[in-house]
Amino acid sequence: MKVVVVGGGIIGASSAWQIAGRGHDVTLLEQFGPGHKNGASHGSSRIFRHAYADDYYVSLAARAHSLWRDLETATDTALLAVTGAVDHGDPATVNPRIDALKRAGLEFEVLEPVAAQQRWPGLRFDTTVLFHAAAGRLHADRSVAAAIEAARSGGATVEYETPVREISGSDVVTDTRTYVADVVVLAAGAWTSEFVPQEVIPPLVTTQEQPAHFVPLRPEMQWPSFIHHPGALLDTAGIYGLSSPDGIKIGEHATGPVVSPRTRGFVPNPDGVQRLIDYAGKWLPGVDAKSADPSTCLYTSTPDSNFAITRSGNTVVAAGFSGHGFKFAPAVGEVVADLVDGSRRQGRA
Ligand SMILES: Cc1cc2nc3c(=O)[nH]c(=O)nc-3n(C[C@H](O)[C@H](O)[C@H](O)COP(=O)(O)OP(=O)(O)OC[C@H]3O[C@@H](n4cnc5c(N)ncnc54)[C@H](O)[C@@H]3O)c2cc1C
């Protein structure tokens, strides 16, 4: 089968890897160059974690974990560093995650705030803390490059600087030629709505988010990935964070302004940066709160933050990853491959 994948972020790259691995003839078209910073998949870190309240995401993370390890072996690249992860904040949000890990048979610990603070002195905790050891950090840029390499090893052709202008039935039109595909995979992130009618997937909203890196005060300190859920002592937006090769990264979840991927400014909003500095000053004794180094990145979100993975005619859409899709990408690629070859009819089983 001839398959054209539109988009070379982590979802398109993982899909191309999985589809090519099944023997299909895959061409991936990416409008920018390798490692570009215009979408959602760039940088040095993304949280990998299993602690979701919804069993579907817990099992998708478990499948992704195994596939990330396969990708590391296939490309001889270190991608997933195991650091463990903590959730704290509103018990109404944390407790269902504990229940879901229990149902999945995954190991976890529940600690009181004082014990957690002794163990991870870089963080302050407000409520009972959920820790699961299997979580950690993915290297984002390396993961995209590895998935591309694995796709190529499976026989895929990858063409950069090749914007798709139109998709019409089985024709995928670029400036220089028209590709004819049996199936088109649209993994175009924030650009997806340019090609997909609203009735096929839920409405997508793109926001420009702005994490910041902070300098750790003691480089030898251990940092789990962390999610601080709002509602207990945190009366602002929820905060995620992790240690990364660029420092301790934190960000608010989905608070950025609505933007278009074609016209956005890439300039971090100073109020948002100040909120991260204030958070670091109050909750992260292990960083220099004045050292904020902000950057920007796109979320493309569905109304309920569930992913939009579906097939309509000869088009498979994989979009709306709502700021939490990276960790799942190889497993999403597998679902996309199932939709391509017809072994599955819906994205979510
Ligand atoms: C600040 C931030 C922090 C995050 N943290 C985490 C985290 O800790 N853990 C986690 O799991 N997830 C996290 N995410 C979410 C995760 O990074 C995204 O869900 C994921 O990267 C989405 O990948 P994608 O391939 O769908 O989109 P993208 O990476 O944007 O890829 C889409 C690609 O399609 C290409 N494209 C679009 N239109 C065309 C066209 N017409 N022709 C050719 N190419 C085209 C684009 O150029 C782009 O390369 C975070 C996201 C952000 C922004």
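This passage describes the surroundings of the ligand and then one helix. The structure is a predicted model, in which local features need pLDDT of at least 70 and side-chain atom pairs count only at pLDDT 80 or more, while totals for chains, interfaces and linings use all residues. Residues are numbered from 1 along each chain as its sequence is written, and side-chain values use heavy atoms, with hydrogens and water left out.

The ligand is surrounded by 35 residues (a heavy atom within 4 Å), and Glu30, His36, Ser41, Ile47 and Cys297 come nearest. By class, this shell holds 20 nonpolar, twelve polar and three charged residues. Strand 20 (297–301) supplies the largest share, three residues, and helix 1 (10–21) and strand 3 (46–48) each contribute at least two. Polar pairs (N or O atoms within 3.5 Å) also join the ligand to the protein. An oxygen atom of the ligand sits 2.7 Å from an N or O atom in the side chain of His36, and one lies 2.8 Å from a polar side-chain atom of Lys327. On the backbone side, a polar atom of His324 is 3.3 Å from a ligand oxygen. Taken alone, the ligand exposes 1,000 Å², of which the protein buries 97% (Shrake-Rupley method, 1.4 Å probe).

Helix 2 spans residues 55–75 (a DSSP run of H or I, at least four residues). At its N-terminal end, Asp54 acts as a cap, with a side-chain oxygen 2.9 Å from the backbone nitrogen of Tyr56. The buried residues of helix 2 (under 20% relative accessible area, 1.4 Å probe, protein chains only) include Tyr56, Trp68 and Glu72. Just after the helix, Asp76 adopts a positive phi of about 55°.

Methods
Polar contact = N/O pair within 3.5 Å; in protein donor to acceptor, adjacent residues only side chain to side chain. Nonpolar A, V, L, I, M, F, W, Y, C, P; charged D, E, K, R; others polar. Expected span 1.5 Å × (residues − 1). Buried < 20%, exposed > 50% of the residue type's maximum accessible area, 1.4 Å probe, protein only.
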